[in-house]
Amino acid sequence: MPVRILAVLALALSYTAASHWLMTAAPASPWNAVGVLAPMLLAVACGAWRGGQRPLALLAALSLAALCGQASLRTPLSDRLLYLAQHVGINLFLAVGFGGTLRAGHEALITQLARRVHRNFTPAMAAYTRRLTGIWTLYFVATALLSLGLYAFAPFEAWAVFANVLTPLAVAVLFGGEYWLRYRLHPEFERASLADAIRSYMHSGKPAQHDTVQ
């Protein structure tokens, strides 16, 4: 596995551990929410700016400024509500992003990405990737609803474990399980690495080059 991917995984694990500590064990402070949410907002802002999505980058930057501003208020917003809004908001945002491409006359998001990785793309592969886009859409919706349910009816510590630990684990299991199953149900798919998938996503806003992308 490339060193860069290992470094990203280590950084993600460190962020997850720090976020969970700030949510459940750190001394109460309105700035805890800033510590949890700021890295994500900065990453979104930088990634969107580099990808040419200036409105999204501006929205992320304004959200970060508003987050710091509310932490400075005499009566700041509940940090737990901010954590909930972040977790539910991300999943609903992804659900809309994936599900919006399932409309009639549109090509599903995963289909778009797969075309950039696989040179020989058949109608069966297009149908499979469209169904897969639907599965991910349902997953994000279900995660958001479960998050709301746990927050309302379970201890906050249980919700925090779900948000910080179980959610990324579920993404990894779904991603890895689909990768394993794909080549057994559809051997026509060319073998593609995780790095190929990441490059496909990073270039998703650029015209496809079917003759050169493998």
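**Notes on an all-helix model**

1. Let me start with a charged pair: Arg 115 and Glu 107 form a salt bridge, with 2.4 Å between their closest N and O atoms. Bear in mind that this is a predicted model. Neither partner is hidden away or fully out in the open: Arg 115 is partly exposed at 27% relative accessibility, and Glu 107 is partly exposed too, with a relative accessible area of 31%. As background, side chains of opposite charge can pair when their charged atoms come close.

2. How many salt bridges does a search of the whole structure find? The count is 2. Besides the pair above, Glu 178 bridges to Arg 182, where the closest N and O atoms are 2.7 Å apart. These two residues are 4 apart in helix H7 (residues 156–185), so about one helical turn separates them. Are they buried or exposed? Glu 178 has 11% relative accessibility and therefore counts as buried, given that the cut-off is under 20%. Arg 182 is buried as well, at 13%.

3. Now the overall layout. The chain has 8 helices and 0 strands, so if you read along the sequence you get α-α-α-α-α-α-α-α. Of its 214 residues, 33% count as buried. Take the contacts between residues at least 6 apart in sequence: 66% of them join residues at least 24 apart.

4. Helix H4 (residues 79–99) is worth a look for its packing on helix H6 (residues 123–153). Two packed helices are described by the angle between their axes and the distance between the axes. For H4 and H6, the axes come within 8 Å and cross at roughly 160 degrees. That angle is over 145 degrees, which means H4 runs roughly antiparallel to H6. The crossing of H4 past H6 is left-handed.

5. If you want to find the H4–H6 contact on screen, the H4 side includes Leu 81, Leu 84, Val 88, Leu 92, Ala 95 and Phe 98. Across from them, the H6 residues include Trp 136, Phe 140, Val 141, Ala 144, Leu 148 and Tyr 151. Polar names turn up too, among them His 87 and Asn 91 in H4 and Thr 133 and Ser 147 in H6. By class, this contact has 13 nonpolar, 7 polar and 1 charged residues.

6. H4 also meets H7. Here the axes come within 12 Å and cross at roughly 35 degrees, again in a left-handed crossing. From H4, the residues involved are Arg 80, Tyr 83, Leu 84 and His 87. They meet Phe 156, Glu 157, Trp 159, Phe 162, Ala 163 and Thr 167 in H7. Sorted by class, that gives 6 nonpolar, 2 polar and 2 charged residues. Note that Arg 80, Leu 84 and His 87 appear in the H6 contact and in the H7 contact.

7. One last residue to click on is Gln 70. Where does Gln 70 sit? Its place is in helix H3 (residues 54–71), and at 8% relative accessibility Gln 70 counts as buried. Leaving aside residues up to four places away in sequence, Gln 70 touches Pro 30, Pro 76, Leu 77 and Leu 82. Pro 30 is 40 residues from Gln 70 in sequence, yet their C-alpha atoms are 8.4 Å apart in space.

Note on methods:
Residues numbered from 1 in each chain as written. Predicted model: local features only at pLDDT ≥ 70, side-chain atom pairs only at ≥ 80, totals over all residues. Heavy atoms only, no water. Axes fitted to C-alpha atoms, helices over the stretch in contact; angles between N-to-C directions. Parallel < 35°, antiparallel > 145°, perpendicular 65-115°, else oblique. Left-handed = near helix turned anticlockwise from the far one by under 90°. Contact = heavy atoms within 4.5 Å. Salt bridge = Lys/Arg side-chain N within 4 Å of Asp/Glu carboxyl O. Buried < 20%, exposed > 50% of the residue type's maximum accessible area, 1.4 Å probe, protein only.
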